Structure formats: C-alpha cells, structure tokens
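Reader: Hi! I have a structure open and would like to talk it through. Could you help me read it?
Author: Happy to, let's put it up.

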Protein chains: 2
Amino acid sequence: MAKGIIFNRMLAIGVGLIGGSICLAAKKRGLVGHVLGYSRKLETSHEALKLGIVDECIAGPGDSNVRNVDVVVLSIPVRQYKQVLTQFLPSLPPNCLIFDAGSTKSDVAVMLNELEQQFPGLKSRFVLAHPIAGGESHGPGAAVANLFEGKNCVLCPLEQTSASGLKKVENFWLGIGAKLSTMNAMDHDEMFGAVSHLPHLLAFSYVSSVLGHPKGAEFMKEGGAGYRDFTRIAASSPEMWADIFQNNSAALLSMLGMFEANIASLRSAIESDDRATLERILAQASGYRSNWKHN
Amino acid sequence: MAKGIIFNRMLAIGVGLIGGSICLAAKKRGLVGHVLGYSRKLETSHEALKLGIVDECIAGPGDSNVRNVDVVVLSIPVRQYKQVLTQFLPSLPPNCLIFDAGSTKSDVAVMLNELEQQFPGLKSRFVLAHPIAGGESHGPGAAVANLFEGKNCVLCPLEQTSASGLKKVENFWLGIGAKLSTMNAMDHDEMFGAVSHLPHLLAFSYVSSVLGHPKGAEFMKEGGAGYRDFTRIAASSPEMWADIFQNNSAALLSMLGMFEANIASLRSAIESDDRATLERILAQASGYRSNWKHN
C-alpha cells in the first residue's frame, strides 16, 4: 500500500484522538511531507509536537506557514467548523484541499453553502469524510497510527467537489488503511442516526434514568456482562455527543419516533398480557441480531 | 473449596445451559453423589446423559427414583414452575430441598404461597436462587462446568425457609465457585428489572424499531463496535425474555416509566436547542459509567 507522498504540507486543525491518529498514520505510511498542527489550546498542539504527531505547531491563521499548505484536515467538533474556516480560509492558498472527519454531514453541507458566498469555490475543494472509528478516550495521547486500519470511511462528495480533489482524499484514506464507501450527506445522516446516534442517545438516557431511582447507582453496581456492554457507549464524551445530537437532530428524532412507537407497543403487550405480540417483536429482533456480522 | 458431598441424589429438572452447567459443576467439585435428569423433551435429557451432565434420565414424576432424591434443581422457564412442581411434589420425599435458578423472584414467591396450601411445608424447603450468569446459547450442549465461577448468585430466602436448608444451598453455590448475596424477592426484582430486564427490553426494541425502517436492515450492516455491543443482548432467547418481562412486569414497567420520562426530556432538549439540559443529562450518565467497574 506504499503510495508515496500525496500531500507535501498538511495542516491538522485539531490534533486529538482522530486528528492525531490521522497524522500518525499518514506519517507512518509516508503519505505526507511536513505536518503542521493547530489546536485552540496551545498546550494540546505542544503535546502533539512532543508525541511526534506533528512536525511543527502554528499559533493561528496569521502564521506564515499557513500560506503554503496543500491540504487541511479538520478534526474538531462540527459546531466549530464555521468559525475556524472563516478564520483560516483568507490565509489558505486558493487550491488547498480540505477534508473533515465529523460524524454528521448534512449540517456541514448547509454550512458550506453559506460560506461558499464568502469564499467562492470552497465547495469544489472540500471533501466530507467520516471515518467509523474512535473510542471513549480523548486527546493527542490517545492517538494511534493504526486507528483506521480495516475501518470504514464514508465519503459524501458534494455535486461541486472536484474529481481530482476527491481522488486524492480517497487515496489518502485508502493509504492509511481504511475501506471506503460513498453516499450522499442525507443518506449518511439517516444511516448513522439509526445505527450510531440513536444507540448513544438510548444508552445515555438509560444510565441517567436509572440514576434517577433512589437506589439506582447501587443497583448498577450489580450489573453483569449484558449491562456492561449495553452501557459502554454511555461513557462517551458528553460535549461531542451533544453536538452530534443537535447537528443530526432531524434524522435522529425521526428514528427516535420509530423507537418510541415500538417501545409503546412492547409496554402495551406486557400490560395486557399479549404474549403473541411480545414474542413476535422479540423474535424479530433476536432473529436479525443473531445473524448479524460485524462489518 | 473441596467440601465433600452435600447432596446424595440430585434431580435436575431442566438440563439446558443453566441446569446442565449446575450439574457439571457439582459433579466436577464432588458435591453430589448421583445426578438424575428430567426434561420435557426426552431427546434433551438423553443429550444430557450422553454429555455426562447427568448419570441417569427419568421419564417423569412416576419414576420410582424420584422418591429418594434429597434435592431438586429447577432450571426451567419460571412460567412452568407451578405445573412441574404440582406434578412432582406428590412423589418427592417430604424433606427434599428444592432450589431454582430463575431471573425473577416475587412471582415465584406468590406461586409458592398458592402451592403451600396444597403442599404444606413447601416454603420451608424451597430456596429462591438467581445466578447472574448465562449467555445467548441454549441447551445441554452449551453447558460448561465453570459457568458460575466468580459469578454472583443472589439468594432470596423466604421468611419460612429453613436455616439448615438455606445453609446447604449456600454451600452448594459457594462450592461451584459462585459468590453469594442475599436480598428479599421484591428488592431483587426491582434491582434486576433496572439493570438487566430493562436493558434487554430496550435492546430488543431498538433493533426491532430500526427493522421497521425501509432501509433499516441495510443500515445495521454498517454498525460499528458501539452498535455491536449495545445490541448484543438483543440476540437472546425471545421465549425466555418474554417470560421475564411478563413475570417482572411491575418492576420493569416502573423503571421503563423513568426511562420514558428521561428520553422525553432529551427529545425536548434537542427539539428546543436546550444545550444546557442536553449536556447535563449526558454528563451525568457519562460520569457514572466512566467510573463503573464490573463486579
């Protein structure tokens, strides 16, 4: 999979678990020449420098190094994209590619429509990407070079995305070991609203609701393997997931509506001793999940 | 932990994953002399015999061997207890101990109250037990001798349970490697309604609701590690869990009510862009779950 250098000078905006792992992977595979790092917190970019994640830190968009990067990797909360792009775009070279790694896509597409008026051509050089990888740990210290190996990365090219830019970003993700799939931003958000965002919402809500019981915290100490696995994702970052829930609220709340209707059917089947309905719903779920295989 | 023989002749009613594992563990540790096995399906008890789980099969309560057992282990769906006990009790010796391994307890206590009139003294020799162990697989073929090692077993003695009988059953569970905790049947059902039954109900309902989406089955193929762990328990036995949900409906539906209220707060916080409430609920759950340790 040795591809040679794809980008000469990469600027990583955000150097935590995701951004840091992208840098480490790209350096290890020899896909980048020089890597610049930026974080809102100076100590974070310094930590990334010390860990060999980046070759050099920049203090902000005013740094002269920004003027000759050929790619920007955005690995920051999606809600910060607009402000950060507005700050950096005036200093970035006009043909510099940009790709992100965020968990929601339609909201970014809308934001790019708005910024396009101020920065014409932005949409042609922006590639929406979402690597299906991560974890509960945060920060540069959690970054590892093999985070994306064998993992799926979903790309959501816009109509205006340039074919050559898209090809480079595809080669970059393939180069760091990811598998690619492509879909539009709406389909992406619907799919991940269903298979990732809703389970996170339910897991957070379940733990929070048991904590609302006077003996709930004590009860949960007795949780077994089922409890452990069901609630693992409830330990995830509240800030990051509040962002995701707000940014993908339409698809998420629509799937939540289907869940609410289903749980209401189960409640009513239990209340009315309707064994047939109860077993039918459980059997449907159990049948699907027993045959499910991890992609 | 070698204790010597606790029971000379044990009758296992139900020889699947749980019953079969109890027999294998007791034989391996030398806690029982002779083990008889009964299953509603003759082929199941024959399979248990072939696997060395039991020493001998009996065809039913009419078998003369039933008259000299000193303990019965009930490892069948809780909904079948009453019928099976009514069949076997007339043939069992009057001082024979009985313990079970079911997931709900208050319903069994109520059933014992009813049977006590027909079989006076039954409550003094019945010990309610619930080992916190199991899995998605079923049948004698899934039984293993170490299933209970290091696992918790909850005992719910009734007011009438004889101290000597309780002591024997405690020594038996300790002898096969379990840790013991004791609580009353109501507390047990409230606790496991919260930490086991509700997560199962939510996991079944989640998978079923996504399957209700036209593209749901396709979406779930893209599920990552979070999806995998969150939904693992949705592969469990529909029959067994329909039983549990019906048998523990009061405690389960009460906890479900707290969950429904919590998810309604989250929905409303997302709909109204109430970031503070959203983050407060997520942070509460994440804070608790990050510090949780598997017992």
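Reader: Let me jump right in. What do the buried residues of H11(B) pack against?
Author: They pack against helix H6 (185-211), helix H7 (216-220), helix H8 (225-231) and helix H9 (238-247) of chain A, together with helix H10 (249-271) of chain B. Contact here means heavy atoms within 4.5 Å. Helices (H or I, at least four residues) and strands (E, at least two) are DSSP runs, numbered from the N terminus.

Reader: Before we go on, what should I know about the model and the numbering?
Author: This is a predicted model, where local features need pLDDT of at least 70, side-chain atom pairs count only at pLDDT 80 or more, and totals for chains, interfaces and linings use all residues. Residues are numbered from 1 along each chain as its sequence is written, chains are lettered from A and ligands numbered from 1 in the order in which they are written, and side-chain values use heavy atoms, with hydrogens and water left out.

Reader: Thanks! Back to that helix: which residues of H11(B) are buried?
Author: They are B:Thr277, B:Leu278, B:Ile281, B:Leu282, B:Ala285, B:Ser286, B:Tyr288 and B:Arg289. These residues cover an arc of only 165° around the axis, which puts them on the same side of H11(B). The arc is that of the directions from the helix axis to the C-beta atoms. Buried means under 20% relative accessible area, exposed over 50%, and partly exposed in between (1.4 Å probe, protein chains only).

Reader: And which exposed residues are on the face turned away from the buried side of H11(B)?
Author: That face carries B:Ala276, B:Arg280 and B:Asn291.

Reader: How far apart are the end C-alpha atoms of helix H11 of chain B?
Author: They are 24 Å apart, which agrees with the 24 Å that its 17 residues (275-291) should span at 1.5 Å a residue. The expected span is 1.5 Å times one less than the number of residues.

Reader: New topic. What rotation superposes chain A on chain B?
Author: A rotation of 180° does it, with 0.0 Å of shift along its axis and an RMSD of 0.0 Å. That is the relation of a two-fold axis. The copies are superposed by least squares on the C-alpha atoms of residues with pLDDT of at least 70 in both.

Reader: Which residue of chain A comes closest to the rotation axis?
Author: A:Phe230, with its C-alpha at 2.1 Å. The same surface serves both copies, as 100% of the contact residues of chain A recur in chain B.

Reader: How many residues are in contact between the two chains?
Author: 81 residues of chain A are in contact with 81 residues of chain B. The area buried between the chains is about 7,900 Å², and carbon and sulfur atoms give 64% of that. Buried area is the accessible area (1.4 Å probe) that two parts lose on being put together, summed over both. A:Phe230, A:Tyr288 and A:Arg289 supply 9% of the area that chain A buries against chain B, more than any other three residues.

Reader: How many salt bridges are there across that interface?
Author: The rule finds eight across the interface of chain A and chain B, and 24 over all chains. A salt bridge is a side-chain nitrogen of Lys or Arg within 4 Å of a carboxyl oxygen of Asp or Glu.

Reader: Ooh, can you show me a pair that crosses?
Author: Sure: B:Glu260 forms a salt bridge with A:Arg267, the closest N and O atoms being 2.9 Å apart. The pair runs from helix H10 of chain B to helix H10 (residues 249-271) of chain A. B:Glu260 counts as partly exposed at 26% relative accessibility, while A:Arg267 is buried at 18%. The side chains of A:Arg275 and B:Asp243 also meet in a salt bridge, at 2.7 Å from N to O.

Reader: What about B:Lys105 and B:Asp100, buried or exposed?
Author: Both are buried, and they form a salt bridge with their closest N and O atoms 2.9 Å apart.

Reader: Last one: how many helices and strands are in chain A?
Author: Chain A has 11 helices and nine strands. Of its 295 residues, 58% count as buried, and its C-alpha atoms fill a box of roughly 70 × 40 × 35 Å along the principal axes.
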